[in-house]
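Subject: Structure handover

Hello,

Here is the structure for you to look over. My notes on the packing follow it.

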Amino acid sequence: MKKLTALLVCLAMTTAFAAGCGETKENNTAETATQAETTTEEVTTTAEETTEETTEEETESEEDEDDEEDYTTGDASLDKVRNEDEIGDNELLVLSFGTSFNDSRRLTIGAIEQTLEDAFPNYSVRRGFTANIVIDHVQRRDGILIDDINAALERAVNNNVKTLVVQPTHLMSGIEYDEITEKVASYADAFEKVVFGKPLLTSDDDFKRVETAITDWTKDYDDGETAIIFMGHGTEHESNAVYSKMQDLLSADGFANYFIGTVEAEPSLEDVIAKVKEGGYKKVVLEPLMVVAGDHANNDMAGDDDDSWKSAFESEGLEVECLLRGLGENESIREIYADHARAAIEEADQ
């Protein structure tokens with residue numbers, strides 16, 4: 001706006017100098033300056049009105065999105081947000097990306113948190129989400145506020161927590177995990193001890209346990225004619241290699257009809273379709289290789305749009321069944337997180 005005002009003033013001055021060639025130089029200059037001031041005020045007012053209109057449009061757009069949302073995502077009040085104070089000396093902070101799908105949040109992230117609470121009664125389990133867009137959406141729609149990572153850490157500081165154990169529910173040590181460790185490190189001086197639990201897929205043993213968990217979970221579909229496909233998110237980070245590693249493990253162990261793909265990286269949907277066609281399968285079962293069954297699972301995987309995975313396989317003439325459940329619903333997966341938290345707590349006790 002300052003640049004715009006300066007421009008108008010410069011134009012006024014130029015007009016004034018041009019008018020100086022006539023006999024009414026002073027009058028023309030005054031009139032032009034007045035016109036410039038009036039024009040500036042009009043532009044300023046118009047810009048302010050435009051800004052107000054834009055803000056109103058953005059708010060209305062958010063409200064319209066909420067109005068159009070499928071409200072069958074579940075009752076948010078059934079989910080325990082775990083943002084109470086009076087934590088005590090020991091806190092186990094469970095950090096997740098988060099999801100606005102209420103039932104999935106309760107059955108996955110909530111279930112992991114409950115497993116950890118049952119396993120470690122000497123620790124107060126608290127929740128933190130890293131996705132503020134999810135937090136804002138849930139608060140606007142359901143009136144429930146979930147701590148973001150900053151609020152969760154401030155809560156721990158204000159409650160005089162001495163030992164902070166951080167357990168992420170992330171699949172791998174990727175970009176977001178790195179950001180979490182940096183953020184928590186900035187608060188490290190506020191606690192006597194800070195330790196981290198590992199993400200789900202860290203050691204070779206983790207990979208084997210996850211393989212067993214997902215193949216046992218889907219064994220009823222393993223009829224020799226069905227391709228069982230797990231859809232991961234994918235990342236530009238080098239940690240994306242976990243998907244290929246899981247695929248190699250499944251293939252080596254004889255699960256020839258199990259395939260791993262990603263939404264945003266490699267292996268791609270096209271890679272998986274090619275393998276399924278090569279195998280001559282008649283049916284496809286799709287399931288998310290994600291902790292929650294949120295937006296990616298419900299839309300990118302199981303949506304009715306032409307670009308969904310479901311539609312892509314149907315266009316190839318295959319029968320498709322979608323299993324909308326996150327890994328956090330699997331008890332064996334939750335036990336891996338518990339073991340990682342246990343290792344972190346043992347480190348803190350040394």
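First, a term. A nonpolar core here is a set of buried Ala, Val, Leu, Ile, Met, Phe, Trp, Tyr and Cys residues joined through side-chain atoms within 4.5 Å. Please keep in mind that this is a predicted model.

**Cores**

The largest nonpolar core holds 47 residues. Which of them touch the most other members? They are L116, L171, L200, L201, V210 and I333. Helix α13 gives this core its largest share, 8 residues. There is also a second, separate core of 19 residues. Among its members are I273, A302, A312 and F313. As general background, nonpolar side chains in soluble globular proteins tend to be buried together.

L171 deserves its own entry. Set aside its neighbours within four places in sequence, and L171 contacts P199, L200, L201, Y243, L289 and L327. L200 and L201 also appear with L171 in the list of residues that touch the most other core members.

**Helix pairs**

Two packed helices are described by the angle between their axes and the distance between the axes. I have two pairs for you.

Start with α4 (residues 109-119) and α13 (residues 331-349). Their axes come within 9 Å and cross at roughly 50°. That angle is neither under 35 degrees nor in the 65 to 115 range, so the two helices are oblique to each other. The crossing of α4 and α13 is right-handed. On the α4 side, the contact uses A111, I112, T115, L116 and A119. On the α13 side, it uses R334, E335, Y337, A338, A341 and R342. By class, the residues of this contact are 7 nonpolar, 1 polar and 3 charged. L116 of α4 is thus in this contact and also in the largest core.

Next come α6 (residues 149-158) and α7 (residues 175-185). They pack at an angle of about 35°, with axes 11 Å apart. This crossing, too, is right-handed. I149, N150 and L153 of α6 meet I180, K183 and V184 of α7. The contact of α6 with α7 divides into 4 nonpolar, 1 polar and 1 charged residues.

**Whole chain**

How many helices and strands does the protein chain have? It has 13 helices and 8 strands. Of its 350 residues, 46% count as buried. Now take contacts between residues at least 6 apart in sequence: 79% of them join residues at least 24 apart.

Best wishes

How values were computed
Residues are numbered from 1 along each chain as its sequence is written. This is a predicted model: local features need pLDDT of at least 70, side-chain atom pairs count only at pLDDT 80 or more; totals for chains, interfaces and linings use all residues. Side-chain values use heavy atoms; hydrogens and water are left out. Axes are lines fitted to C-alpha atoms, for helices over the stretch in contact, and angles run from 0 to 180 degrees between N-to-C directions. Helices (H or I, at least four residues) and strands (E, at least two) are DSSP runs, numbered from the N terminus. Angles under 35 degrees count as roughly parallel, over 145 as roughly antiparallel, 65 to 115 as roughly perpendicular and the rest as oblique. A crossing is left-handed if the near helix is turned anticlockwise from the far one by less than a right angle, and right-handed if clockwise. Contact means heavy atoms within 4.5 Å. Ala, Val, Leu, Ile, Met, Phe, Trp, Tyr, Cys and Pro count as nonpolar, Asp, Glu, Lys and Arg as charged, and the others, Gly among them, as polar. Buried means under 20% relative accessible area, exposed over 50%, partly exposed in between (1.4 Å probe, protein chains only).
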